[in-house]
There are 2 protein chains.
Amino acid sequence: MGLSLVTYDGRMARWEPDARERLVRAALDLFSEQGYENTAVAQIAERAGLTKSTFFRHFRDKREVLFGGQEVLAELMVGAIADTPAGAGPLVAVEAALVATAKTFTDERRAHGPQRLAVIEGNDELRERAALKMVGFAIAMTDALKRRGVPELEAAVAAELGVLAFDRGYGHWLEAGGDFGEIARRTLRDVREAVASLQRAE
Amino acid sequence: MGLSLVTYDGRMARWEPDARERLVRAALDLFSEQGYENTAVAQIAERAGLTKSTFFRHFRDKREVLFGGQEVLAELMVGAIADTPAGAGPLVAVEAALVATAKTFTDERRAHGPQRLAVIEGNDELRERAALKMVGFAIAMTDALKRRGVPELEAAVAAELGVLAFDRGYGHWLEAGGDFGEIARRTLRDVREAVASLQRAE
């Protein structure tokens with residue numbers, strides 16, 4: 001019990017085997033059973049057999065159980081865009097950005113995915129939060145592309161197409177599993193084909 | 001003073017010459033001077049020389065001073081997409097959607113625009129609200145395109161490109177004025193050129 005470690009965001013966490021996973025499981029079950037707005041952090045901790053302070057070592061608040069990891073994803077996207085060779089086109093960089101997030105698409109995350117989506121769908125505030133998460137990714141990728149010298153409008157369009165592919169890829173991955181990087185490559189290709197088809201139609 | 005009329009949302013409003021405009025002016029001035037979060041409806045009414053109940057005949061809350069009209073704009077977009085001839089491509093329908101909003105881009109709205117944008121930029125919650133307004137337009141246009149039989153992904157992409165053009169068009173219109181319909185046609189053409197350029201770059 002005395003063993004402590006530094007979590008990815010620099011906070012000290014006491015070692016509780018599977019604490020994070022147990023908290024996510026308890027939170028999603030409670031959100032599903034009684035509604036997100038009716039669930040208190042104390043209840044989540046109790047259901048998980050842990051203390052409130054353990055909860056707060058892992059999450060800032062109950063919303064972070066659903067939306068934690070946004071900054072990590074955005075950083076992975078931005079880092080991959082920065083690392084793409086200088087001569088590559090914007091959509092090549094965007095593809096690299098999506099592929100770079102694949103390591104966060106774990107089996108554990110997939111196991112929680114459908115329940116998480118159902119909770120979000122049932123609550124206006126959470127649906128707005130989910131939409132803003134995508135807006136955040138679009139802004140992050142737009143800025144990263146502009147830093148590569150991509151003109152502003154092209155950067156914004158490429159980022160939006162990337163977010164559409166990311167969002168669709170997440171849905172496909174939840175349904176069928178597999179490597180998210182491969183799935184994202186495929187959905188970005190689908191998006192590009194949709195764009196080409198739109199440009200042809202008059 | 002006894003004269004009353006039904007407003008666009010069906011509420012009865014007593015005739016107050018320029019009341020709405022005076023309330024917008026007072027609200028924007030107060031938001032700029034002391035911050036959006038520090039401004040109460042009672043102060044806005046007082047500054048405008050009107051009562052709180054007059055405020056509430058025109059606006060649901062102080063946020064609606066900044067974001068009112070979203071439903072009207074979405075309805076104009078959706079109506080124009082539905083009315084586009086059956087054989088026309090999705091981006092033709094999207095262009096019609098943007099052009100259909102032109103009648104709401106009045107001189108009065110333009111006069112308030114820069115101050116309104118500055119207030120929104122200075123407040124996280126308001127920036128999120130502005131982003132969600134654009135998400136709302138994208139969802140409305142996507143659904144309207146799907147009802148025309150446009151495949152889901154093409155509909156989503158066309159709607160996103162339309163929202164990018166709308167948002168940029170608004171910025172250009174604030175800067176230079178002119179007919180918003182013409183401006184939106186031009187920014188949508190710019191977006192399509194950016195897309196074509198992205199598709200060529202590898």
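**A helix crossing, a buried asparagine and a two-fold pair**

In chain B, helix H9 (residues 152-176) meets H7(B), with the two axes coming within 9 Å and crossing at roughly 110°. That angle falls inside the 65 to 115 degree window, so H7(B) and H9(B) count as roughly perpendicular to each other. As for hand, the H7(B)–H9(B) crossing is left-handed. On the H7(B) side, the contact is made by B:Arg109, B:Arg110, B:Gly113, B:Pro114, B:Arg116 and B:Leu117. H9(B) answers with B:Tyr170, B:Trp173, B:Leu174, B:Glu175 and B:Ala176. All of this comes from a predicted model, and the rest of the description should be read with that in mind.

Moving along the chain from H7(B), we get to B:Asn123, which sits in the loop that links helix H7 (107-121) to helix H8 (124-147) of chain B. Although it is a loop residue, B:Asn123 has a relative accessibility of just 10%. The cut-off for buried is under 20%, so B:Asn123 counts as buried. Its side chain has a polar partner too: the side chain of B:Asn123 reaches the backbone nitrogen of B:Leu126 at 2.9 Å. B:Leu126 itself falls within the residue range of H8, 124-147. Setting aside neighbours within four places in sequence, B:Asn123 also touches B:Tyr36 and B:Glu37. The loop residue is thus tied to B:Leu126 through a side-chain-to-backbone pair, and it is in contact with B:Tyr36 and B:Glu37 from elsewhere in the sequence.

Zooming out to a whole chain, chain A has 10 helices and two strands. Reading from the N terminus, the order is β-β-α-α-α-α-α-α-α-α-α-α, with the two strands ahead of the helices. Along the principal axes, the C-alpha atoms of chain A fill a box of roughly 60 × 35 × 30 Å. Chain A has 202 residues, and buried ones make up 50% of them. Contacts in chain A also reach across the sequence: of those between residues at least 6 apart, 65% join residues at least 24 apart.

Then there is the matter of how the two chains relate. Chain A superposes on chain B by a rotation of 180° with 0.0 Å of shift along the axis, and the RMSD is 0.0 Å. That is the relation of a two-fold axis. Both copies use the same surface, as 100% of the contact residues of chain A recur in chain B.

Terms used:
Residues numbered from 1 in each chain as written. Chains lettered and ligands numbered in written order. Predicted model: local features only at pLDDT ≥ 70, side-chain atom pairs only at ≥ 80, totals over all residues. Heavy atoms only, no water. Least-squares fit on C-alpha atoms with pLDDT ≥ 70 in both. Contact = heavy atoms within 4.5 Å. Helix = DSSP H or I, 4+ residues; strand = E, 2+ residues; numbered from the N terminus. Buried < 20%, exposed > 50% of the residue type's maximum accessible area, 1.4 Å probe, protein only. Polar contact = N/O pair within 3.5 Å; in protein donor to acceptor, adjacent residues only side chain to side chain. Axes fitted to C-alpha atoms, helices over the stretch in contact; angles between N-to-C directions. Parallel < 35°, antiparallel > 145°, perpendicular 65-115°, else oblique. Left-handed = near helix turned anticlockwise from the far one by under 90°.
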